[in-house]
Amino acid sequence: MSVALALGLYSLISEPVSIVSSPSPFSEKALRHELTVVIPACNEESSIGSKVLLAAHYADRVLVLDRGSTDRTMEVAALGGASVLPQAGGEEALLKVLFKASFDSELVVLIYPECMQDIDLLSHVLDPLRNGGFELSVGSWPCRFSHEMENVRLLNGKKACREKVGFFAVTAASLQKLNSGPAHLSLGSLISAAEAENIKINYMSFNADPVFRKLESCSIGVVVPAYNEEKLIGETLSGIPEYVDRIYLIDDGSTDRTGEIVKSFRDPRVLYLRHDENKGVGAGIIDGYKLALKDEMDVVAVMAGDNQMDPAELPRLLFPILEGETDYTKGNRLLSDSFRTGMSPWRSFGNTLLSLLTKIGSGYWQVTDPQNGYTAISRQALEALDLDAVYPYYGYCNDLLIKLNAFGMRVMDVVIPARYGREKSSIKYSRYVLKVSPMLFKGFLWRLRVKYTVLDFHPLVLFYLAGMIALPLGVLFGFWVFLQALLQTPLPSYYVLLDLFVLGMGVQMLLFGMLFDMQAEKKRAVNV
């Protein structure tokens with residue numbers, strides 16, 4: 001960043017609001033934005049990137065205010081496309097930023113990341129301003145995190161609530177009108193001034209909002225598999241949202257202080273189960289699923305114990321299931337290059353290769369990133385599965401897709417950014433692909449037998465069978481012909497043509513089998 005730009009950014013905080021000096025991101029001569037999102041952040045390195053990328057889907061400009069971060073929060077935010085500004089001071093300095101932003105934006109939105117459970121809620125805050133005739137919109141979230149904001153009353157006076165502000169949206173005209181009066185030291189005083197000026201305010205609590213009532217009206221469990229996660233297990237458990245009813249921590253034979261930390265964690269929702277020996281991440285998750293079924297959880301999510309899964313993204317996995325759109329949701333990091341930030345090229349290549357193999361094995365041709373362990377599943381889907389037959393190691397997610405397809409369950413990909421920080425993946429793709437591939441092939445044969453011969457019949461089984469016989473025969477026959485040529489053994493000339501014919505028929509039969517498998521899956525999805 002140049003010296004001039006740095007001085008311009010510093011002037012944003014230090015100058016009086018009414019003065020607009022040298023060109024800056026807030027200059028009146030700058031291009032006017034429809035929407036500016038302001039996110040104050042401090043040491044949010046692991047999650048700020050995803051919040052910036054998702055906020056950019058709604059906003060023309062995203063500003064991240066540095067509240068004294070000591071990690072790479074601001075660097076990650078800048079890489080995500082946000083403008084990074086220093087915030088020297090408390091809420092008074094924050095309000096100055098909002099007032100400045102109102103000079104070149106039609107709408108200004110403040111989002112507190114520590115109270116944000118789903119950035120898609122931003123649309124519910126903005127709609128009253130765009131369509132409902134309101135000039136100011138306040139959305140709260142009942143979170144455990146503490147900050148300096150004042151509590152406000154919500155629900156338009158129908159019910160007095162004491163909650164933390166998570167979203168604050170206002171029209172530029174209203175904000176400039178409020179700025180023309182006395183100086184404001186906090187959002188609370190600003191809201192009080194807006195009420196005195198008869199500015200139309202929409203208060204909404206996402207705890208009581210119709211969209212989020214679905215989270216309150218059903219039971220939600222989270223399975224947390226952990227193996228030697230003493231450094232990150234505390235952060236993982238602390239970040240699980242309060243609307244989650246039960247947390248199933250499965251300690252897969254850890255030899256460090258993981259179990260000790262979990263036992264000292266004061267959260268009545270946590271149920272701790274320890275394996276005496278390491279059985280594999282799949283075995284841990286299956287044990288968690290069994291406990292959730294016993295507790296009659298309606299939806300069960302999986303969040304790894306290494307704090308790799310952003311809890312703010314959890315509603316994006318839950319809502320499609322709660323709304324009856326699907327039976328199983330899973331994260332997907334591979335649809336956008338920007339969402340692969342932090343994922344090594346080798347890891348990305350391995351994921352892409354396994355995606356192809358899993359598409360063939362599972363029959364879910366629209367699903368990618370099968371190794372993404374951030375998932376949610378309905379109780380109905382769990383009850384249909386033989387959980388004891390699921391692969392117990394890292395390939396459990398691939399095997400689970402195979403079994404879900406065999407029983408006609410709907411699966412949906414949810415775009416979720418990659419989140420890599422201090423955790424260290426133990427997956428070695430050079431060995432992992434070799435280990436998982438035989439499991440995928442066995443699962444593929446099992447799926448064909450169960451889905452297309454036992455539960456129903458489809459001729460694609462015959463195409464697959466013919467292809468799996470013809471293609472290896474063609475390869476072996478071709479190798480024999482080549483060997484005879486090296487030995488100068490005379491053979492009929494048509495042997496080469498015969499081998500090419502067998503090889504071609506084998507490939508063609510397999511392709512026909514895949515085509516019919518795709519069509520069968522699309523037809524089933526349409527008829528559901």
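The following questions and answers go through the predicted model shown above.

Reader: On what basis are residues and atoms counted in this model?
Author: Residues are numbered from 1 along each chain as its sequence is written, and side-chain values use heavy atoms, with hydrogens and water left out. The model is predicted, and local features need pLDDT of at least 70, while side-chain atom pairs count only at pLDDT 80 or more, and totals for chains, interfaces and linings use all residues.

Reader: How many helices and strands does the protein have, and what percentage of its residues count as buried?
Author: Helices (H or I, at least four residues) and strands (E, at least two) are DSSP runs, numbered from the N terminus, and by this rule the protein has 18 helices and 14 strands. Buried means under 20% relative accessible area, exposed over 50% and partly exposed in between, with a 1.4 Å probe and protein chains only. Of the 528 residues, the share that counts as buried is 53%.

Reader: In what order do the strands of the open sheet of 7 strands lie, and which are its edge strands?
Author: Two strands pair if DSSP finds at least two bridges between them. The open sheet has mixed pairing and the order β10-β9-β8-β11-β13-β12-β14. Pairing on one side only marks the edge strands, which are β10 (270-274) and β14 (411-415).

Reader: Which residue in β10 is the bridge partner of Tyr248?
Author: Strand β9, residues 246-251, runs parallel to β10 and is joined to β10 by 5 bridges. In β10, the bridge partner of Tyr248 is Leu271.

Reader: Why is helix α2 described as largely enclosed by the rest of the structure, and which residue is 7.9 Å from Ser50, C-alpha to C-alpha?
Author: Helix α2 spans residues 48-55, and 8 of the 8 residues are buried, so the helix is largely enclosed by the rest of the structure. Among the buried residues of α2 are Lys51 and Ser50. A residue in the loop between β14 and α16, buried at 5% relative accessibility, lies 366 residues from Ser50 in sequence yet 7.9 Å away in space, C-alpha to C-alpha, and this is Ile416.

Reader: Which residue in β3 stands opposite Val64?
Author: Strand β2 (residues 61-66) has 5 of its 6 residues buried, so β2 is largely enclosed by the rest of the structure. The strands β2 and β3 (residues 83-86) pair in the parallel sense over 4 bridges. Opposite Val64 in β3 stands Val84.

Reader: What is the geometry of the aromatic pair of Phe444 and Tyr464?
Author: Rings of Phe, Tyr and Trp (its six-membered ring) pair if their centres lie within 6.5 Å, and planes under 30 degrees apart count as stacked, over 60 as edge-to-face and the rest as tilted. A search of the whole structure finds 10 aromatic pairs, and in one of them Phe444 and Tyr464 lie 4.9 Å apart, centre to centre, with 85 degrees between the planes, which is edge-to-face. This pair links helix α16 (residues 429-454) to helix α17 (residues 460-486), its members being 20 residues apart. Both rings belong to buried residues, Phe444 with a relative accessible area of 6% and Tyr464 with one of 2%.

Reader: At what distance from the ring centre of Trp446 does the charged end of Lys403 sit?
Author: A charge sits over a ring if NZ of Lys or CZ of Arg is within 6 Å of the ring centre and within 35 degrees of the ring normal. Lys200 lies over the face of Phe134 at 5.3 Å from the ring centre. For Lys403, whose charged end sits over the ring of Trp446, the distance from the centre is 5.1 Å.
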